[in-house]
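Here's a quick briefing to keep beside the model while you click through it. It goes topic by topic, so feel free to jump around.

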Amino acid sequence: MENTDQDLIDKIQAGKQRLGRKLMILTHHYQRKEIVDLGHYRGDSFDLSQRAARDEEAEFIVFCGVHFMAESAAILAKPRQTVQIPDMNAGCWMSDMADAFLVERAWNEVAALVGENHITPLVYMNSEAAIKALCGRHGGAVCTSSNAGRAFDWAFRQKEKIFFFPDEHLGRNTANALGIPADQMRVFDPEKPLGGNSEADIRRAKVFLFKGYCLVHTRFTLDDISAMRTKFPDAKIVVHPECTEEVVKASDAVGSTSFIVKYAAEAPSGSTVIIGTEIHLIQRLALEHPNKTILALKESLCPNMYKINLKNLLACLENIGKTNVVKVEDAIKKDAFIALENMLSL
Ligand code: SF4
């Protein structure tokens, strides 16, 4: 007979008890509620990478999130720790857009024109280890949506230009918040020669934005905002910085997943908060704050995050340390570690 969800939950709980402090289950905010409830810690990619980096006790880290997150945890983990992901196919579309060959070619083209001493690479956490390694090798850092502003400030203290990979929108929204004029930002389309720019454009620009995006967050539109403003004129609208610039500008607040969690928690009782991010986080916030009306700007689900479920989490615990172990080649690990460490010390 098929296991019911409750059977699976009971077995996972028993596995947690059996493994005790040897086990740490990390769950991203976009995971289904039942997975988040079973984790030891929940957080955004920054919180979880810090957890993985700081932990001394756990031998087995099970990462309920997408592959680049588990890979970052594996880079930061101690040699005696193993990192597993319940489904190896839980990837990320944005990360896939930044193919290592295309990123390296883009970096080389721009660095050759402006001079490597004048530009710092910054890479969003949502990228594969090889891209993080490229940043580490060239004096750059990783960032997340919670510390992108600080990472930009840090990079500008090193050199006068930034190449930001792979989220065009997070890069632009961060540069806008720092007051960088639009004509000093250039989108770099890896499919076009010089990214679709002239040599003069490249020499003049201050920030290069690699043309990648999140399909979950770019689904929100100005029409969604107008429709919600008409229906709920007193509501506040908060969105994630992976949304487009026009959506960010039309909202009341913008911030990382952790910022959104705090925004919902601090909203006055009886108020309405409309959120533009992954639907599972919004649904959980609505349950956690029954004294407020928490609504989705539009339903937008990340199918990659959704690949983690009770069955594959249980399979991971039953094969602890053995299956779906996330490994990173030593050479890549060494350089990617530098870029991640630069982020953690920001
Ligand atoms: S929400 Fe977007 S950026 Fe995040 S894992 Fe899913 S596809 Fe990638």
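**The first sheet and its helices**

Helix α4 lies across β1, β3 and β4, and runs at about 155° to β3. Lying across rests on contacts, where two residues count if their C-beta atoms, placed from the backbone, lie within 7 Å. Angles run from 0 to 180 degrees between N-to-C directions, with axes being lines fitted to C-alpha atoms, for helices over the stretch in contact. Helices (H or I, at least four residues) and strands (E, at least two) are DSSP runs, numbered from the N terminus.

Two housekeeping points before the details. This is a predicted model, where local features need pLDDT of at least 70, side-chain atom pairs count only at pLDDT 80 or more, and totals for chains, interfaces and linings use all residues. Residues are numbered from 1 along each chain as its sequence is written.

**Strand order and pairing**

- The sheet under discussion is an open one with four strands in the order β2-β1-β3-β4, paired in parallel; two strands pair if DSSP finds at least two bridges between them.
- β2 and β4 (82-84) each have a single partner strand, so one side of each edge strand has no neighbour in the sheet.
- From one strand to the next, the twist averages 20°.
- Five bridges link β1 and β3 in the parallel sense. I25 sits opposite V62 in β3, and L23 has F60 of β3 as its bridge partner.
- On to the next pair: β3 and β4 are joined in parallel by three bridges, with V62 opposite Q84 in β4.

**What's buried here**

- β3 is largely enclosed by the rest of the structure, because four of its five residues are buried. Buried means that 20 or more other C-beta atoms lie within 10 Å of the residue's own; exposed means 12 or fewer, and partly exposed is in between, with C-beta atoms placed from the backbone.
- Helix α3 (residues 45-54) has buried residues too: S45, F46, D47, L48, S49 and A52.
- The cover over those α3 residues includes β1 (23-28), β2 (41-43), β3 (60-64), α4 (67-76), α13 (257-266) and α16 (330-344).

**The second sheet**

- Another open sheet has four strands in the order β11-β10-β12-β13, again with parallel pairing.
- Its edge strands are β11 (253-254) and β13 (293-296), each pairing on one side only.
- Strand β10 (residues 236-239) runs parallel to strand β12 (residues 272-276), and four bridges join them. Look for I237 opposite I274 in β12, and V239 opposite G276 in β12.
- β10 also pairs in parallel with β11, over two bridges. There, V239 has V254 of β11 as its bridge partner.

**A267, in a loop**

- You'll find A267 in the loop between α13 and β12.
- A267 counts as buried because 20 other C-beta atoms lie within 10 Å.
- Skipping neighbours within four places in sequence, A267 is in contact with K236, V273 and K292.
- For a long-range ruler, A267 and I61 are 206 residues apart along the chain, and their C-alpha atoms are separated by 34 Å.

**Helices α8 and α9, plus Q158**

- The axes of α8 and helix α9 (residues 168-177) come within 9 Å and cross at roughly 70°.
- That makes α8 and α9 roughly perpendicular to each other; the bins are under 35 degrees for roughly parallel, over 145 for roughly antiparallel, 65 to 115 for roughly perpendicular, and oblique for the rest.
- A148, G149 and F152 of α8 make the contact with L170, T174, A175 and A177 of α9.
- That α8 and α9 contact has five nonpolar, two polar and no charged residues. Ala, Val, Leu, Ile, Met, Phe, Trp, Tyr, Cys and Pro count as nonpolar, Asp, Glu, Lys and Arg as charged, and the others, Gly among them, as polar.
- Q158 belongs to helix α8 (residues 148-158) and is partly exposed, with 14 other C-beta atoms within 10 Å.
- Beyond its neighbours within four places in sequence, Q158 is in contact with T120 and G139. Q158 and G139 are 19 residues apart in sequence and 9.0 Å apart in space, C-alpha to C-alpha.

**Around the ligand**

- V66, C92, W93, M94, N126, C214, L215, V216, E278, C302, N304 and M305 surround the ligand; a residue is near a molecule if its C-beta atom, placed from the backbone, lies within 6 Å of it.
- By class, that ligand shell has nine nonpolar, two polar and one charged residues.
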